[in-house]
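Open the model in your viewer and switch to a cartoon view. Keep the selection panel at hand.

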Amino acid sequence: MELKVLDKGFVRLVEVFGDDFSAVQAARVSYGKGFTTPERDKRLIYYLMEHGHHSPFEHIVLKFHLKLPIFVMRQLVRHRIASINERSGRYTEFKEDWYIPERIRTPDSQNKQGSVASNDVKLNNDAIDLIEESIENSFAAYNKLLGMGIARELARIVLPTAMYTECYWTINARSLMNFLSLRADSHAQWEMQQYALTIAKIFKKCCPLTYKAFLKYGYTGDLLKLEER
Ligand SMILES: Cc1cc2nc3c(=O)[nH]c(=O)nc-3n(C[C@H](O)[C@H](O)[C@H](O)COP(=O)(O)OP(=O)(O)OC[C@H]3O[C@@H](n4cnc5c(N)ncnc54)[C@H](O)[C@@H]3O)c2cc1C
């Protein structure tokens with residue numbers, strides 16, 4: 001499953017270990033039991049979520065391949081309970097591949113951490129032109145440095161955080177739910193929100209009962225609840 005994000009990014013589910021019932025199975029080991037009936041299993045998932053018994057959800061693990069701008073990647077790596085391997089800018093050359101926002105945003109007066117899309121067409125065009133020009137100049141300098149025989153690891157220091165990078169990101173469902181509470185939320189940066197909302201769609205498909213119980217009892221963000229309405 002691969003879903004497009006932003007102008008050139010994506011979220012691709014590489015593999016999943018477990019499903020809704022992996023958490024049930026793990027929780028029931030406490031009583032020396034496994035599965036019972038689907039209805040009781042479902043009730044147990046809701047019970048675990050409602051009472052904050054989140055460790056059984058660590059037995060569901062999702063591995064993603066992500067393509068994302070470096071500034072989003074910097075926020076992703078703050079989520080320590082996950083495993084990451086990122087493409088190396090020392091071993092590979094950066095291509096002409098960067099993020100340009102479709103619409104610019106100005107600070108949100110209601111939400112200190114947020115921003116709002118601007119309707120000012122001139123401001124939009126001027127800002128996008130400036131962003132494009134600045135990135136193109138940086139990329140030209142990068143290529144020039146490479147042409148001068150400078151090592152990739154040093155030449156890359158002139159590149160902006162709008163450059164796309166790629167990583168493999170493996171995370172268990174418990175940590176993923178924490179990630180969604182924090183990043184599928186209006187206080188997160190809009191670009192990060194887009195990745196979190198896409199990842200939430202995939203999580204919902206893989207673990208529909210866990211997802212529902214999470215939204216009901218575990219989720220502390222706002223955007224996923226707005227989407228469900
Ligand atoms: C809107 C927003 C704004 C942010 N702004 C900033 C900012 O300005 N500057 C900045 O530096 N960061 C910022 N962050 C990042 C934030 O502080 C967290 O680092 C990030 O969201 C990861 O959350 P986490 O620690 O819960 O996740 P994880 O690192 O995945 O940890 C998951 C959980 O494990 C436990 N845990 C993990 N490591 C430890 C530990 N060392 N000790 C104890 N318990 C641990 C905690 O319970 C934690 O919630 C921001 C995040 C958001 C969502």
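The tour goes from the sheet to the helices lying across it and then to the core.

Keep in mind that this is a predicted model.

**The sheet.** Select the five strands of the open sheet. Their order is 1-2-3-7-4, and the pairing is antiparallel. Which strands stand at the edges? They are strand 1 (2-5) and strand 4 (83-86). Each has a single partner strand, so one side of each is left without a neighbour in the sheet. Look along the sheet next: neighbouring strands are turned by 20° against each other on average, direction ignored.

**The strand 4 edge.** Add strand 7 (residues 164-172) to strand 4. The two run antiparallel and are joined by four bridges. Now pick asparagine 85. Opposite it, in strand 7, stands tyrosine 168.

**The helices.** Show helix 6 (residues 173-183). It lies across strand 3 (61-69) and strand 7, at about 125° to strand 7. Then show helix 7. This one lies across strand 1, strand 2 (9-17) and strand 3, running at about 30° to strand 2.

**The core.** In soluble globular proteins, nonpolar side chains tend to be buried together. Here, the largest nonpolar core has 49 residues. Select Leu176, Leu180 and Ala196, which have the most contacts inside it. Helix 7 (residues 190-206) gives the largest share of this core, six residues. Colour by domain next: domain 1 (2-86 + 164-228) and domain 2 (105-158) each supply at least three residues to this core.

**Last stop.** Centre on leucine 176. What is it in contact with, leaving aside its neighbours within four places in sequence? Select Leu62, Ile171 and Phe203 to see these contacts of leucine 176.

Notes
Residues are numbered from 1 along each chain as its sequence is written. This is a predicted model: local features need pLDDT of at least 70, side-chain atom pairs count only at pLDDT 80 or more; totals for chains, interfaces and linings use all residues. A nonpolar core is a set of buried Ala, Val, Leu, Ile, Met, Phe, Trp, Tyr and Cys residues joined through C-beta atoms within 7 Å. A residue is buried if 20 or more other C-beta atoms lie within 10 Å of its own, exposed if 12 or fewer, and partly exposed in between; C-beta atoms are placed from the backbone. Domain bounds come from an automatic or database domain assignment. Two residues are in contact if their C-beta atoms, placed from the backbone, lie within 7 Å. Two strands pair if DSSP finds at least two bridges between them. Axes are lines fitted to C-alpha atoms, for helices over the stretch in contact, and angles run from 0 to 180 degrees between N-to-C directions.
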